[in-house]
Amino acid sequence: MVNTKNVAFKVDKQAPTRWPPTQPYSTVINCRKSGGKKGGKVSSEIKSQQVPLTKVPGFLKDDRKRGRSEDEVAVGSPSKRFLASRDQSPAQEPKQPSQTNLKPTRLRRGKPLTKHIDLDCWFTILRFSDPAQLLEMRTKIASCYRFLRDNPTLWKYSRSYYYGDELPEPPAELTEFQYADLRHGHGCMSCGTSATRKTYWAFLRRWCKPCLQSKTIREHDARPHFKGTNGEDISFIQHCLPSGLVDSWGNFVGVGPAHNHALKTVYLLSDVQKLVEEFKRENRENIVSWHAEMRTWMSNKAKVVEDRRTFARKMEQWEDLTRSSKSYTYQEKKDARKRFFIDKASELSIPIDPRIMERCPSFKRAIAIPKDPSMNSWLQLKPKLEKEAHEVSLEKGKSPSESSVPTTGTSTPISDPRGNRHIQSLSDLQVRIVESRLHEQQHQIANLLLDTSRLGREIITLPPINP
């Protein structure tokens, strides 16, 4: 301990670390009392802190009294000379590990990541995903299945972000996952046929046609099922059932009920049986008050059916609009491919006539693809098109360059796609053939007129018939 003017200095132990300290240091401890005669003279309190030994206030005070300078003191004493040299040399900061060598995580197949993403981050990421993609992740990834099962609101956020107000809100009897499965899923929900994609929104089911026909019953066939406990007719509860429409061939048309003779109303057989059993049970449990409560029960059922009918019609309209917009977009892309290929074919060294191109199988296949045209698609079509156009031209007896200009039989100048103007006329042989055919037709017409005039004269010269 070294005491000087209300401050005590203590040199800490130099514990071995990763790198040695830049210079010896000491801890300044405030030993001064808070009160006393000297308390008012000092304007600020001295706080405990660590300072280098050579920077301690009052370290060279006694030497200054003797008339010695700081340089002489540093040179005279070995320990002070060492401290002075360390003080004069620039302080070297300890080397910290470099942060610039950090590299991004490499994603490798078969090697799990050491750092995992928080579930809240996954929730934020997946809420901006397509519901169809979420449905596929739930089906194929076990961890995503559990996560999407335990977060039902994620389906709603995804639907709202991806579709906005285009889709109607699901009815109360459907969850968001069931709603997404009916929209984007595939496979019959009864027999499991993988190619089935048709959703019957009137029944909230996705079935193949055989399963639909086996599970539905027509209105006139369902009347024997509407019998009460005592065998009375309860067919008035039919409007409490969801219904659909089928045509004469059994094809599903839309949401029921039917309002003309061309379409027939169908119900689910299971719904009919369930509704009749519920009616009988309520009748048995509330024999006294059932007639008063029956109207309330029927109105509640009818409200649920009406909500489903409204929802189903909106979904059918949305599907029709989506289908028509897709077909319109696809047709636009097909037309763009056709124009693009015709333009490219007209720029070849030997231009190909569009009429010749329409007879080429490769051209027909190329313009049937609903994708935007590109140079890659043209380069793939070009050798096939040139070969097939040459074969078609040989069948017609002329080359592709000759077929690029249509034969009109007039002397009017015609411009080909490359901008060259020339005249194409009929050959002499073709002219003779046409003239001979015209002469034959004129001779036939003249003979017909002669026969007609002769027949008229014979009718005039006939004797009158006596009554």
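Helix α7 (residues 153-163) and helix α8 have axes that come within 9 Å of one another and cross at roughly 45°. Axes here are lines fitted to C-alpha atoms, for helices over the stretch in contact, and angles run from 0 to 180 degrees between N-to-C directions. That makes α7 and α8 oblique to each other, because angles under 35 degrees count as roughly parallel, over 145 as roughly antiparallel, 65 to 115 as roughly perpendicular and the rest as oblique. On the α7 side, the residues that meet α8 are Trp155, Lys156, Arg159 and Tyr163. They are met by Glu176, Phe177, Tyr179, Ala180, Arg183 and His184 in α8. Contact means heavy atoms within 4.5 Å.

A word on the source: this is a predicted model, in which local features need pLDDT of at least 70 and side-chain atom pairs count only at pLDDT 80 or more, while totals for chains, interfaces and linings use all residues. Residues are numbered from 1 along each chain as its sequence is written, and side-chain values use heavy atoms, with hydrogens and water left out.

Stepping back to the whole chain, its secondary structure comes to 17 helices and twelve strands. Helices (H or I, at least four residues) and strands (E, at least two) are DSSP runs, numbered from the N terminus. Of the 467 residues in the chain, 28% are buried; buried means under 20% relative accessible area, exposed over 50%, and partly exposed in between, with a 1.4 Å probe and protein chains only. Taking contacts between residues at least 6 apart in sequence, 52% join residues at least 24 apart.

Next comes an open sheet of four strands, in the order β7-β10-β8-β9, with antiparallel pairing. Two strands pair if DSSP finds at least two bridges between them. At the edges sit β7 (216-218) and β9 (252-255), each pairing on one side only. On average, neighbouring strands of this sheet are turned by 40° against each other, direction ignored. Strands of a sheet pair through backbone hydrogen bonds, either parallel or antiparallel.

Going through the pairs, β7 and β10 are joined antiparallel over three bridges, and Ile217 stands opposite Tyr267 in β10. Tyr267 is also the bridge partner of Ser243. Strand β8 (residues 243-246) pairs with β10 (residues 264-268) over four bridges, again in the antiparallel sense, and here Gly244 stands opposite Val266. Four of the five residues of β10 are buried, so this strand is largely enclosed by the rest of the structure. Helix α11 (residues 269-285) lies across β7 and β10 and runs at about 65° to β10. One residue of α11 is Arg281, which counts as partly exposed at 35% relative accessibility. In space, Arg281 and Thr229 are 9.0 Å apart from C-alpha to C-alpha, although 52 residues separate them in sequence.

The remaining pair, β8 and β9, is antiparallel over three bridges, with Val246 partnered by Phe252 in β9. Their hairpin has five residues between the strands, and Gly250 takes a positive phi near 85° there. Beyond β9, in the loop leading to β10, is Pro257. The peptide bond from Gly256 to Pro257 is cis, with omega near 5°. Another backbone oddity turns up at Leu204, a residue other than glycine whose phi is positive, near 55°. Leu204 is in the loop between β5 (199-200) and β6 (205-206), and is buried, with a relative accessible area of 6%. Most residues other than glycine have a negative phi, and most peptide bonds are trans.

What about the interior? The largest nonpolar core has 24 residues, of which Trp201, Phe203, Trp207, Phe252, Phe311 and Met315 touch the most other members. A nonpolar core is a set of buried Ala, Val, Leu, Ile, Met, Phe, Trp, Tyr and Cys residues joined through side-chain atoms within 4.5 Å. Two or more residues come from each of α8 (176-184), α9 (209-215), β9, β10 and α12 (290-346), and α12 gives the largest share, four residues. Leaving aside neighbours within four places in sequence, Trp201 is in contact with nine residues' worth of company, including Tyr179, Leu182, Arg308, Phe311 and Met315. A second, separate core of 16 residues includes Leu241, Val276, Trp297 and Met298.
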